[in-house]
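Morning, everyone. Have the picture up in front of you, and I'll walk through a few spots.

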Amino acid sequence: MALRWRTSPTGPSPLGAILSYAILGFWTFVVLFPLYWLVITAFKLPVHVNEGPTYIPFVDFAPSLHAWRYILIDLGNDTLRPYLNTVIVGVTSSILTLIFGAAATYGLSRFTYRVRLATVLVFLGFVVLAALGIQLGAPWQLAVAGGLGAFALARGAVLRRVGGPRLGNADIAFWMISQRMLPPVAIVIPIYILFQRLGMLDTRTALVVAYIAANLPIAVWLLRDYFRTIPLELEESAAIDGANRYQILWRIVLPLSLPGLVATFLFIFVLAWNEYLLALFLSSAKAQTMPLLVAAQNATRGPQWWYMSVLILLMIGPVIVLAIVLERYIARGLLLGAVRG
Amino acid sequence: MTRVLSRRHFLGTVVAAGSALLAACRREQATPTVPAARTPAAGLQFEGVEVNVITFTGPQIAEPLQRRAPDFQKLTGAKINVITVPFADLYQKILTDFTTGTNSYHVIVFAPQWMADYVEPGYLEDLTPRIEADPALQWDDIAPFFRNFSATYGGKIYTIPLDGDFQMVYYRTDLLEAEGLKPPETWEDYLAIAQHFHGKDLNGDGVPDFGSGIAKRRGAQSYWMFWSIAASFLQSQGTQQGAFFDVDTLEPLTNNEAFARALEIYKETGKYGPPDELNWDVGDSRAAFVTGRCALTLDWGDIGTLAIDPEQSKVKDKVGAIILPGTKEVLDRKTGKLVTCDANTCPHAINGVNHAPYAAFGGWSGAINKNAPAKVKDAGYAFLSYMSQPAQANVDVTIGKTGFNPYRISQFENIDLWVKAGMSEAAARNYLGAIKESLNSPNMVLDLRIPGAQRYQGVVLDTVLSRYLAGELTTKQAMEELTRGWNEITNELGRDQQKQAYRSSLSIR
Amino acid sequence: MRGLPPVTTPQRRGDAVAAPARRIPWSRAALVSWADRQAGAVLVLPAILVILVLSIFPLLFSLYLSLSRFQPVSGGFRIHFVGLLNYRKLFLGSEREHFLGRLGESGLIGWLAFVVLAAIGLVLLWRSLRTGPLNIFRLAGHSVVALASLLALWLAVRTIVASGGRPGTLVVTWVYVFGGVALQFLVGLLLASLCAQQLPGRRFFRVVFLLPMMITPVGVAYTFRMLTDTGKGPFAPIAHWLGYANVSWVNDPWGARVAVMIGDLWQWTPFMFIVLLAALESQSPEPIEAAIVDGANRWQIFWHITVPQIAPVASTVILIRLIEAFKIFDMPNVLTGGGPGTATESLTLHAYVLWRSLDYGTSAAVAYSLLFVVTFVGIAYVRLVHRRLTEAL
């Protein structure tokens, strides 16, 4: 580990260190105080929450396990089932997103794509036609197959000779991120209808697929910048040694961009772990996830702070562990140094 | 065992809870298919039928359904799956299921305020013949308002009530007695009492407290709270007169002297309320009332059971309930002016005061999806009937956790049940008395039940009220804005259809 | 500088043809498999297909909904086509004051603010225009951006600064987005650069600073509702002690907006922090070492070496946060319900309230207006800022 690279080789001056610690300490308090409040609220009786603030267990209020007992024992399986769902959906969707996302990002940063605008427009036209067909009663399998077939035919016969403006890599990337621009309420009903037609409502698969689509743009955009900084020479020398594209991606690019991959994974995992609206609509009993349970604690009697706090703490636990485990990989310098050496 | 723990007990319980959870996990893995072991008992009526019941994530409402489902299965063989979703999104979730033809929910336990949106497109089963052939349900024991208005739409019965919802005013008996004050009869009384106690320490903690606390938060319950005040000014001729629109023209009753008066009273209650009242929902107002921070509040029946819950309450047996205060002046619909109550203008007045108890939200009720398979519909009906029969319902309404409030006449007769649940006899009599008085009023106000009710109330009225309270609008502007907004919705959805729906909801032929 | 601008290779026929970015002398050319030649398509297509399948239908469906009225009918639902009626309602009709706000009388200060800000904006645009070759597309693009920004600025000044004005959901959303993202970026950058130093205990800070991001957004919003409660919250006694027992941020439009923004800051700074930290840690060391040899001070190193190196990543997180921040929903919904009045209502909350009451048409029109604004801001940002920052390298 002698090659560890330091951001500031001289290290901070004593005054700088004190100032740094002051700021870091202040922000630590800002971050931890709300969490502390959640923790103590989870051990308060309703009357202790409602009477006015109390701060320290055993000193100004007597802690109670009533909320934990309700969530873990009274609800029992009704807590466990969403919890397992959240874990399964979160992990699966994040790993798949990362795989698809890394592949796409590598493609976008090492190849030049030139898609004709005309092709895109014709494709969209066939999508609209297929949608109309389905609306008019055609079975969706037939409409999709017909649309795709017609598009392939048109592309082979006509579009190859058509000129016109083309879309480049930047346009594709922007198109991807633009998929996150519509507010969720606008997309949730169509997505529901889509999965209903496919007979996939209330399955974890539906959630996994939806989350992959929702989080891929973010993964691609975050990874793009990391891939950009990888020295091309390494790839060239690997190519000279006979590695193909996939091997280069797997053996050189991915290990080198590990910090970026980890940061991206953490972020998309958190997004999938905490997602609410899609989970609400795509699930009904079997596939429900934890965020629904948290939101559900505000019902006809106003927010049940004590239950809510317990659920939030239960949800954040595994993510903290994950963050602690993954944090070390974000130390990028180490890896760069190792490869150089 | 007490809920407040010493340190040693505390740690012990942590360990116990942890190991219980582990045990639960292990059991789950070990025996994955419990239902398969069950042997079919011959002769049960609904053997093998599965019914999906949807409601919101409890414990309220869902808990009794879940608790009684196994008993029902033993009786009839039908398996009841209670599916729960967050309260805020229940309406949408049910509607999406129905409109897209998914029909995965067979029985819905919902707020009948949404009934028009489900009944008009024909999603719900007409239960009239089933109820007529069901003596065990004891339909006539249900209070007339719930039977004839709440459960009924256009002369047909669509829901079975499981809960009675209407608003009352709650006051602190100890405070009023000490000062020799009577509970409020009119809204002026309410303001006077609130003013009297505002700024005094009401719970002995040395901090000044508030005269009144009402849930005025936007996007929560504010518009029901307001209508509880407005109702007595707007409706005086009985339920069928309607408190929202003129039944002949569907012109909103929202731009006149009476409405202005109601708005001003609503705003004035804020003077004697907490500084952040604009952000209070019922969670806050109930918390404040049962911890003794407010002298008065306006709420549904829940406060009665919350006040006796030792985990929540500091005012046990210090709480009185009373029918919603009223007014001595009511709206003359021809002139838009306020006129004094007399035998003609206020036929149902008590001591010259017109009361109009407002059945806000309507009380959780069960209905059946018309598109469910016939056998499932039968089983679903049997389950709803079972839940509503006195043998079950009269116990459930006394348990705070169920969220069920009384709606059957027999539930007022039996004081013992309430005393057993923790009320003093005096408190129980007071509470049930107020409920009975409200339910017996022929001038009860039915909540708005026409297609788009959520838009009229939850969007337009709610926003106007919030802007009015925040000072963005004057009283006049608020009334104009509200009237314009309501008329716009009416015209968009079709004035004739809406008028017909409004008349149907009030059972006017 | 490092980095790889995609190099255009000789054109081939076909549409999605991909070519290796540089001519790499493959040693075993004969063995290069078909899959390898198609690598460009193989790598990108799965992602494109997944996104396409799940996005195109909602996009078209919502567009159609925004031009229609939705009605549940027996056995399903019916959609009436009504043309631009829903949009008319938003921009001219009954929803205008809610959506755009109420225009006030902008006095001298308002006009002054407008002129100064407009002048700054125009100068920036002019400078941007001069950096590249002048052609009709660039000129048109810049003019559109200039016009739209002036319009937006005018609306913001007339509704926020002017007396009697009140911002609608559109302007409130801008406040959340531009104010919030700027704040989150600055705090995130400060924390990231502090944590990138060789300080003992920095790993602790790194993990701790990530925590807020991990809580489900609804949960964060409820946590802040507890914390900001002026009766039961932890800061209530302090407010009492300071003599603020009878006032509450709840009643003040800006107080409520600031509360929402503080919650948002708490929740999303970690995102800025983690990405910027990773960027800081992956800088190449040579330029810094060289600068130290040349005797540069800390600030010079940061400004001339670190900033250009992290600029692409910084630009990306800002873009992502811009897009996400436009959809701010949970915080205002839970913290204030959009109140007092409509002071804290964001566009997404506006759309949600309409949507929840089955007014799908108007809701979709709000959503599409939002999409339009975000797309515009996104494209302008990518063309004017992002490309410059990433391609300068």
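Let's start with a single pair: the side chains of B:Lys314 and A:Glu51 come together in a salt bridge, with 3.0 Å from N to O. Keep in mind as we go that this is a predicted model.

So how many salt bridges are counted between chain B and chain A? The count is two. Polar contacts come to 12 residue pairs between chain B and chain A, with both residues at pLDDT 80 or more.

Which parts of chain B do the touching? The elements that give two or more residues to the side facing chain A are α1 (7-30), β2 (79-85), α3 (90-99), α11 (282-290) and α12 (302-306) of chain B. The largest share is from α1(B), which puts in nine residues. Sorted by class, that side of chain B has 20 nonpolar, 18 polar and 11 charged residues.

Now for the whole contact. Chain B brings 49 residues to it, and chain A brings 41. As a bit of background, people often give the size of an interface as the accessible area lost when the parts come together. Here, chain B and chain A bury about 3900 Å² between them, and carbon and sulfur atoms give 62% of that.

Next, let's stay with chain B and look inside it. The domain assignment splits chain B into domain 1 (48-164 + 363-420), domain 2 (167-211 + 281-324) and domain 3 (215-272 + 326-356 + 450-504). I'll take domains 1 and 3 of chain B, whose C-alpha centres are 29 Å apart. In this pairing, 10 residues of domain 1 are in contact with 11 residues of domain 3. Together those two domains of chain B bury about 840 Å², 55% of it on carbon and sulfur atoms.

What about salt bridges across that domain interface in chain B? The rule finds zero. It does find three residue pairs in polar contact there, both residues at pLDDT 80 or more. On the domain 1 side, the elements giving two or more residues are α4 (115-119) and α6 (144-150) of chain B. By class, that side of domain 1 of chain B has six nonpolar, two polar and two charged residues.

Last stop, chain C. Find C:Glu105, in the loop between β4 (101-102) and α5 (108-131) of chain C. Buried or exposed? C:Glu105 counts as exposed, because its relative accessibility is 61%. Beyond its neighbours within four places in sequence, C:Glu105 is in contact with C:Ala162 and C:Ser163. C:Ala162 is 57 residues away from C:Glu105 in sequence, yet their C-alpha atoms are 5.3 Å apart in space.

Note on methods:
Residues numbered from 1 in each chain as written. Chains lettered and ligands numbered in written order. Predicted model: local features only at pLDDT ≥ 70, side-chain atom pairs only at ≥ 80, totals over all residues. Heavy atoms only, no water. Domains from an automatic or database assignment. Contact = heavy atoms within 4.5 Å. Buried area = accessible area lost by both parts, 1.4 Å probe. Salt bridge = Lys/Arg side-chain N within 4 Å of Asp/Glu carboxyl O. Polar contact = N/O pair within 3.5 Å; in protein donor to acceptor, adjacent residues only side chain to side chain. Helix = DSSP H or I, 4+ residues; strand = E, 2+ residues; numbered from the N terminus. Nonpolar A, V, L, I, M, F, W, Y, C, P; charged D, E, K, R; others polar. Buried < 20%, exposed > 50% of the residue type's maximum accessible area, 1.4 Å probe, protein only.
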